[in-house]
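Colleague: I have a new model open and I'd like to learn how to read it. Could you walk me through it, feature by feature?

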Amino acid sequence: MRKMILHAHSKCGSANPKSKASFTRGLVYLPAMYSSAQLALRYLQYWITASNGRGYGIHSPFVFDFVKYVLGNREEYYCYPIIEAVRERMLQDGRVLQVQDLGAGSRTITHNTRVVKDIARSALKLSKFSRLLFRLADYYSCRNILEMGTSLGITTAYLASACYSGKVYTLEGVPDIAGVATENLHRLHFTNVQMVQGNFDETISDTLAQMQTVDLVYVDGNHRKEPTLRYFDTLKPYLHNDSIIVFDDVHWSREMEEAWRVIKQDSSVRLSIDLFFLGIVFFRPEFKQVQHFSIRY
Ligand SMILES: C[S@@+](CC[C@H](N)C(=O)[O-])C[C@H]1O[C@@H](n2cnc3c(N)ncnc32)[C@H](O)[C@@H]1O
């Protein structure tokens, strides 16, 4: 758990540097996230109150299935070691990248540098969660997948492995980081990934217009309330009954917890599953009664 808390605490993000709540951590501006102690306390509360990760006491057949076949699936899929070998490579990579603070806007870009191995250590989703996203995409047969926040392309690779007959659109704002991700995805021979380089604010609308509809969206960048809710609103017209949206780090800061609360209360959301480090929402109208679950993972 400590590893996960520390990992979540060192996530990269993009925030408005003019905001009083922002400060720099490393070279990237971050919103006021919880301290490690606050996060640990929240994690403890989640662990105590969440439903058992084996499905005991969960009466919704859909959620029971999710717990059994997605969350609790311990099968070692063929792609896991192949993708993890690329992560390992990234953890040794000493190349220095130019990294802009996206929150500063394109007119006042502040250029900074970051080493690939530091990004691999701090910004990527732990394999446990990337694999969960793979199983989610696989189990629900997602074909049109959007990832907001590519970083080095590790989770992108998991998503692409789950949808060989579909396509993953992945958005990344920092050109050097997008370049390394593209290299990694080529190395893994994916032909079903489209990298879209640019600020989400500028790329999301055109990307969605190309996609026409989305089966699965993974929102993993710009962890602030206002943009998160704005992206959610932008995504809505492209959702269908079986669409799934996964929001990263919904308990990472007060702002993200507020955004998560607003999303769960949205009239389109029929089911939410809170896994602490990820929040998942479903829109299926057949769920007559809106339900919110918190499940240990
Ligand atoms: C946490 S990392 C993504 C990790 C990746 N999904 C994974 O699991 O391996 C977030 C990424 O989103 C990018 N990002 C943040 N805000 C952005 C924005 N407004 N537009 C485009 N990219 C952004 C950052 O440059 C960073 O590479």
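Colleague: Let me start with one pair of strands. In which sense do β8 and β9 pair, and over how many bridges?

Modeller: Keep in mind that this is a predicted model. As a general idea, strands of a sheet pair through backbone hydrogen bonds, either parallel or antiparallel. Here β8 and β9 run in the parallel sense, with five bridges between them. To see one spot, look for Val-217, which stands opposite Ile-245 in β9.

Colleague: And on the other side, how many bridges link strand β5 with strand β8?

Modeller: Four bridges, and the pairing is again described as parallel: β5 covers residues 144-148 and β8 covers residues 214-219. You can check it residue by residue. Glu-147 has Tyr-218 of β8 as its bridge partner, and Met-148 stands opposite Val-219 in β8.

Colleague: What is the order of the strands in the open sheet?

Modeller: Read across, it goes β7-β6-β5-β8-β9-β11-β10-β12, eight strands with mixed pairing. At the edges sit β7 (193-197) and β12 (291-294), each of which pairs on one side only. From one strand to the next, the twist averages 15°.

Colleague: Which helix packs on that sheet and touches β5 and β8?

Modeller: That's α6, residues 127-139. Besides β5 and β8, helix α6 touches β9 (239-248) and β11 (278-282), and its direction makes about 170° with that of β8. As for β8 itself, the strand is mostly covered, with six of its six residues buried.

Colleague: Now helices against helices. At what angle do α6 and α7 pack?

Modeller: The general recipe is that two packed helices are described by the angle between their axes and the distance between the axes. For α6 and α7 the angle is about 25° and the axes are 8 Å apart. Angles under 35 degrees count as roughly parallel, so α6 is roughly parallel to α7. The crossing of α6 past α7 is right-handed.

Colleague: Which residues make the contact between α6 and α7?

Modeller: From α6 you have Ser-130, Arg-131, Leu-133, Phe-134 and Ala-137; from α7, Ile-154, Thr-155, Tyr-158, Leu-159 and Ser-161. Sorted by class, this contact of α6 with α7 has six nonpolar, three polar and one charged residues.

Colleague: Does α6 have another helix to compare with? At what angle do α3 and α6 pack?

Modeller: Try helix α3, residues 61-71: α3 and α6 pack at about 120°, with their axes 9 Å apart. The two are therefore oblique to each other. Again α3 passes α6 in a right-handed crossing. Tyr-69, Val-70 and Leu-71 of α3 meet Leu-132, Arg-135, Leu-136 and Tyr-139 of α6. By class, the contact of α3 with α6 divides into six nonpolar, no polar and one charged.

Colleague: Back to α7. How many of its residues are buried?

Modeller: Eight of its eight, so to speak a mostly covered helix. Take Ala-160, which is found in helix α7 (residues 154-161). A residue is buried if 20 or more other C-beta atoms lie within 10 Å of its own. Ala-160 has 26 such atoms, and therefore counts as buried.

Colleague: Which residues does Ala-160 touch, leaving out those up to four places away in sequence?

Modeller: Val-168, Phe-190, Asn-192 and Val-193. Also, the C-alpha atoms of Ala-160 and Leu-185 are 9.3 Å apart, with their positions 25 residues apart along the chain.

Colleague: What about the loops? Which residue in the loop between β9 and α11 should I look at?

Modeller: Asp-249 is found there, with α11 covering 254-265. Its phi is positive, about 50°, although Asp-249 is not a glycine. Asp-249 is buried because 24 other C-beta atoms lie within 10 Å. A second case is Asn-222, in the loop between β8 and α10 (225-235). Asn-222 has phi near 55°, again a positive value in a residue other than glycine. With 22 C-beta neighbours inside 10 Å, Asn-222 counts as buried too.

Colleague: Last one: how many helices and strands does the protein chain have?

Modeller: Eleven helices and twelve strands. Of the chain's 297 residues, 40% count as buried. Among contacts between residues at least 6 apart in sequence, 68% join residues at least 24 apart.

Definitions and conventions. Residues are numbered from 1 along each chain as its sequence is written. This is a predicted model: local features need pLDDT of at least 70, side-chain atom pairs count only at pLDDT 80 or more; totals for chains, interfaces and linings use all residues. Two strands pair if DSSP finds at least two bridges between them. Axes are lines fitted to C-alpha atoms, for helices over the stretch in contact, and angles run from 0 to 180 degrees between N-to-C directions. Two residues are in contact if their C-beta atoms, placed from the backbone, lie within 7 Å. A residue is buried if 20 or more other C-beta atoms lie within 10 Å of its own, exposed if 12 or fewer, and partly exposed in between; C-beta atoms are placed from the backbone. Angles under 35 degrees count as roughly parallel, over 145 as roughly antiparallel, 65 to 115 as roughly perpendicular and the rest as oblique. A crossing is left-handed if the near helix is turned anticlockwise from the far one by less than a right angle, and right-handed if clockwise. Ala, Val, Leu, Ile, Met, Phe, Trp, Tyr, Cys and Pro count as nonpolar, Asp, Glu, Lys and Arg as charged, and the others, Gly among them, as polar.
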